[in-house]
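Please read the following note with the model open beside you. The points go from the chains as wholes down to a single helix.

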Amino acid sequence: MTEKRKDILTQCLRGAGQVFFMENALTGALFLVAIAYASYAGENWTTTIGAVIGLVVATLTARFLECDEESVTSGLFGFNGVLVGIAIPTFISASPELWFYIVIGSAMSTVVTAALGAMITKSWGIPGSTGPFVLTGWLLVAGAYTFGALEVSGDRPELVSDYVQGVATIPSNLELVQIFFRNIGQVFLLGNEISGAIILVGIFIASRPAGVAAALGSVIAMATAIVLRADPHSVIQGLYGFSAVLTAMAVGVVFLKTSAKVVVYALLATIVTVFLQGSYDVLTSPLGLPSFTAPYVVTMYLFIAPKKLLAPHPHRAVENHLVTESTS
Amino acid sequence: MTEKRKDILTQCLRGAGQVFFMENALTGALFLVAIAYASYAGENWTTTIGAVIGLVVATLTARFLECDEESVTSGLFGFNGVLVGIAIPTFISASPELWFYIVIGSAMSTVVTAALGAMITKSWGIPGSTGPFVLTGWLLVAGAYTFGALEVSGDRPELVSDYVQGVATIPSNLELVQIFFRNIGQVFLLGNEISGAIILVGIFIASRPAGVAAALGSVIAMATAIVLRADPHSVIQGLYGFSAVLTAMAVGVVFLKTSAKVVVYALLATIVTVFLQGSYDVLTSPLGLPSFTAPYVVTMYLFIAPKKLLAPHPHRAVENHLVTESTS
Amino acid sequence: MTEKRKDILTQCLRGAGQVFFMENALTGALFLVAIAYASYAGENWTTTIGAVIGLVVATLTARFLECDEESVTSGLFGFNGVLVGIAIPTFISASPELWFYIVIGSAMSTVVTAALGAMITKSWGIPGSTGPFVLTGWLLVAGAYTFGALEVSGDRPELVSDYVQGVATIPSNLELVQIFFRNIGQVFLLGNEISGAIILVGIFIASRPAGVAAALGSVIAMATAIVLRADPHSVIQGLYGFSAVLTAMAVGVVFLKTSAKVVVYALLATIVTVFLQGSYDVLTSPLGLPSFTAPYVVTMYLFIAPKKLLAPHPHRAVENHLVTESTS
């Protein structure tokens, strides 16, 4: 294998690992195993094939566009592509046009990643994280409804008024264990507890504190969802936990230096993410869209944005406005 | 009473006052009286209790997070919390879980306030104002639909196609007076003209020009809504005026230095806000959400953003793009 | 004719031309001819009258607000106004209040243009382009549903679940020619192939590369929409092509310096725009809103934002966060 090919392989594996913030090729490889296991168990390989295509296309697009080399090498341009590649075949039936859709969509995820880097990271120090996946995924699924060559196979849209509220049920012990691991697996859209366990092992291999944060995030999300009596079917599928797992890791360990105050802050952020999981289900269902990791993305952006010494604007005249004289 | 407790009390009262841009504890106290009066008249004290909880929790969260001290002292971290605390029990039935929801939501409003300060204020000199309340309130109400422990008691969602357009009715003189004061009271979600009058007194105590702007904003909004024949039921409740009152104050007096040109500009902004009140009702109703002060927030952001000497990008090559050679 | 009046006339004509990025009064005059021709053919002159009002009001508002003089002279404050002025009578029936709505809406488009210039152009070098039109147009059409004095005459809102997917039909040769020109005419909301041809001539007069990009954009959009089997009725009206035409021009010629790599980049952007045309139809139809040029605006913002040397945030601690100690 030539040096260049090995480079690309490493970049892609790291890209898979970066979905959970881990720049580690072995971790990334384990994540791909988790995806493949779920395909095997569900007898549907389109998600695994899509994942690989998305990862490779997104990474190669970043190289073609000559994006920041260090970032490409770290896998930072691959992790949104792999998520696009899994998500699209999860919600759209396989067809020749689907693969065209995935290739263009994965290349688009790289452009969106570069755009967010130039916007929210440059100006406000906010990491784009899986925001490009959420935006690209929403646009692609929405668009598919209008194209005869693409059939949206997921749930049909629901109105808020159709919403069935959760009844009070305490999950059994076995279910609690399933929820714990599915909360992790669903970050890769995998409702499979074995896949979730493999992923958690992958995280621990790369970073013990990150693994602890992921596990705690899963437990806090589970408790919050049960206390507020979210729809049990969704809770058991891990759908109320995966965004919260990412928030707990991002706010508690990855983007802030862990301390007592940061732990309290991350706890608040994790609970808020569970609230927002409910919100986004309500906001996106009428449009026939899944919420993807939007609850995590929005929470994380809001919790990472505040910086020392920056104040809200006081209630007095702004400087240098178009239609006013200078106030000084 | 110790010095520290007195500090917190003052900060909270100023926080209430800042809903109408007034850093004045007496004004804030009058606003709380207005809220309590509406609770008394409507025989429902959950909004008053929620208001106090939201105000205190948001302010204490800002202290815990060591947000900019001057801003905390001015009440700038309290006014979004008090609005969250009134809004949530207005739209969600009381239950033990509701108070948990309000406490977390109020703390969240402080984080959002700090985030907007670091984003739109730092970069563009745009005040966050009640934007954090609108965002937090929307997410909390939307989320409540999915949680069995929280019952949304407000209006059910409507589709655009269900929209009943206003018939031509000229309100009576008594109704005009009611509308005038309710346009002010509804900023605190109070459809009560006595509460509106108490609030207007509070504003005049702190600033005469602000009081005049509030009164004029209410009149302009009323006239515009009647001319365009908005739904009379909503107009009489003051729902077409409260955002416009805030816009008139913000653009005409608070964030721009008053002058003849600024008055014209504020008049345009106030009329636009009434248009946007219609828009946001249409945009948020299908999602089962109230529009809150979004028409004010969006109008104000757009009208405060323009700065002297800044031009739109001309239709020629941008500098330093990823995929192009340097153009110089 | 006085010098000043001649100035305003030139500024307005250039404003019309700037809809297709052309600072050329003759081109702008031809565009107005194209609009008038469609009015003549459709026996409905409200759109032409609206276009002129929108153009003049937006330009005069920019002069009143003392916006950047060079930009006003170039017509950069007129092109969103002309689009507002055509769009509103296209979707709302004529009435005395309609003209009030258009005048305020056109003035608003100027404020939004100045706001975007101070925000996305200043911070990120992203041109506002027709973003102000899309935002203003959406808000105005949405608002009209709630006002008895304004009757929305366009299509009623549809739900995603009502969506009729396109069947496989290959348009005839005549239809292909119609689509080619209507893809251009629809930028001005004109489903008329003669108008489209006049516009294309106007573009070629001002710039040959821009004309070629417009023509190629139309062809690529047509091919993509047919391959993905979009709704044939919409495709034949030119509704899947007009945003793509703008993207091809903007990314391929106007905002980036043309090169082999830029051509590939523009091809990707153009295909993405067709996908997003589908997406925005799905996202805005349930709200009873047309998508306007949103697919172009969003694609262009995302593709123009990435800058050399700017990287996404790596997955490690952010600097200077409110709640963390300094990491250095």
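Do the copies, chain C and chain A among them, meet through the same or different surfaces?

1. The copies meet through different surfaces, because only 13% of the interface residues of chain C are also interface residues in chain A. Before going on, please note that this is a predicted model, in which local features need pLDDT of at least 70 and side-chain atom pairs count only at pLDDT 80 or more, while totals for chains, interfaces and linings use all residues. Residues are numbered from 1 along each chain as its sequence is written, and chains are lettered from A and ligands numbered from 1 in the order in which they are written.

2. A turn of 120° with a shift of 0.0 Å along the axis lays chain C on chain A with an RMSD of 0.0 Å (a least-squares superposition on the C-alpha atoms of residues with pLDDT of at least 70 in both). That is the relation of a three-fold axis, and in chain C the C-alpha nearest this axis belongs to C:Ser123, at 4.3 Å.

3. Between chain C and chain B, 56 residues of chain C are in contact with 53 residues of chain B, where contact means that C-beta atoms, placed from the backbone, lie within 7 Å. On the side of chain C that touches chain B, H6(C) supplies the largest share, 16 residues (helices are DSSP runs of H or I, at least four residues, numbered from the N terminus). By class, that side of chain C has 32 nonpolar, 14 polar and ten charged residues; Ala, Val, Leu, Ile, Met, Phe, Trp, Tyr, Cys and Pro count as nonpolar, Asp, Glu, Lys and Arg as charged, and the others, Gly among them, as polar.

4. Chain A is assigned domain 1 (1–154) and domain 2 (159–306), with bounds that come from an automatic or database domain assignment. In chain A, 35 residues of domain 1 are in contact with 34 residues of domain 2, and H2(A) gives the most to the domain 1 side, with ten residues. By class, this side of domain 1 of chain A has 26 nonpolar, nine polar and no charged residues.

5. The 18 residues of helix H2 (residues 25–42) of chain A should span 26 Å at 1.5 Å a residue, and the end C-alpha atoms are 26 Å apart, which agrees; the expected span is 1.5 Å times one less than the number of residues. After H2(A) comes A:Glu43, whose phi is positive, near 55°.

Definitions and conventions. Two residues are in contact if their C-beta atoms, placed from the backbone, lie within 7 Å. Helices (H or I, at least four residues) and strands (E, at least two) are DSSP runs, numbered from the N terminus.
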